[in-house]
Amino acid sequence: MKQSFAALPSIRLSALTALTVAVLAACGGGGSSDSTSTGASNNTGSSQSGSPAASQKVSFLPPAATVQSVAATGDPVADSIAYLNAMRHNVGYTTALSIDKGLTTSSQNHAVYLANNSILSHNETAGQPGFTGATPGVRINAQGNYTAYGEVTSAGDVRAFTDSLVGVRLLFDAPYHRVIMLDNLASMGVGSASSSTWGAFNIDFGNMTSALSGTQVIAYPYPNETGVPTNWYVNEIPSPFASAPQYNQTYTGYPITIQGNMLSKLSSVSFTVTDSGGNAVPCQLQSSANDTELTNAAMCVPFKPLNSSATYTVHVVGVLTPLAVNGTQNNALDLTWSFTTKAASTTKAQGLNSGDIRPPAVL
């Protein structure tokens, strides 16, 4: 689950995600609280917290003019650093996450612990091989003074990691974890470890930047993005489909997310998704109205896989309120953008394995 710990001016973000062949666990929290419960909706949904007069209009952080992509090289640490920074570059961040020595140490330590004990957990037990701290906060803060911190972890049957990008891609595709990975964080450290049967991959984050203003948001898929996956295996807990459990452990459409900076609240959210013919695409809405752990973000997950080589248009209305300003500044969000999915020949679901290895699920 995602847990939020907000204490201005010091924010503690605990964004924990864990992946296994059968289980991918996710937790996180902080000044931005991104978690899940669910409330069913169709193609639209909105919170009913009211729409106070807005001070300014909200705009997108401008996506990059030149798109970056990353191919697997066999090195999960280097590849994951490159992949996450490429995704952040594409949505509009102009500065990459820096590599922090302390975060690298805490991240690698936890990966080793998971591999040594063949388990999936964000916590560690004293006395077990590789123990370095009971919780992510303890382990990360032992390495330095971070104004925000977070952790995303994948661990499970080593055969599930079919290439060096599987772990980071699966975490990024899971919408609650994607929000964390696209938050206005400043630095990271990546760790990877494995035994003959168990693999573990970990990213720890630290500190915040001002790269995303109080009147800017990031969407993913981002405006005019091409090559977007058509589907997503529902493997995340908290699950976007907790109120509609028949969708868990099935393929739905690729999740659509929108978020402000970590010190903001996104409310009164309404999503409308349409295909190129103007037909509504029903989706599960998660926002601060029906999810107590979502503060700065909202998402809509289509109930059915999207079509290949198809263009979809998203319209989102809401209110973005910076939490770090004096008084109330409610900024009107009313944005429309489009993205295009992959061709049929390239829509193979990421992370699937042959034989007796199931697609990873989220715990």
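This passage describes the nonpolar cores and one sheet of a predicted model.

In soluble globular proteins, nonpolar side chains tend to be buried together. In the present model, the largest nonpolar core comprises 62 residues. Within this core, the residues with the most contacts are Phe172, Ile203, Phe205, Ile258 and Phe271. Helix 1, spanning residues 76–91, supplies 6 residues, the largest share of this core. A second core, separate from the largest one, consists of 8 residues, among them Tyr113, Ala155, Trp198 and Ala200.

The surroundings of Ile258 were examined with its neighbours within four places in sequence left aside. On this basis, Ile258 contacts Phe271, itself listed with Ile258 among the residues with the most contacts inside the largest core. Other contacts of Ile258 include Val217, Ile218 and Ala219, Asn296, Ala297 and Ala298, as well as Leu266, Val316, Leu333 and Trp337.

An open sheet is formed by 4 strands in the order 7-9-10-8, with mixed pairing. Strand 7 (98–99) and strand 8 (149–157) are the edge strands, each pairing on one side only. Strand 7 and strand 9 (residues 185–194) run parallel and are joined by 2 bridges. In this region, Ser98 is placed opposite Ser187 of strand 9.

Helix 1, the source of the largest share of the 62-residue core, packs on the sheet and touches strand 7, strand 9 and strand 10 (198–208). The direction of helix 1 makes about 150° with that of strand 9. Helix 4, formed by residues 166–173, lies across strand 8 and strand 10, and runs at about 55° to strand 10.

How values were computed:
Residues numbered from 1 in each chain as written. Predicted model: local features only at pLDDT ≥ 70, side-chain atom pairs only at ≥ 80, totals over all residues. Heavy atoms only, no water. Core = buried A, V, L, I, M, F, W, Y, C linked by side-chain atoms within 4.5 Å. Buried < 20%, exposed > 50% of the residue type's maximum accessible area, 1.4 Å probe, protein only. Contact = heavy atoms within 4.5 Å. Pairing = 2+ DSSP bridges. Axes fitted to C-alpha atoms, helices over the stretch in contact; angles between N-to-C directions.
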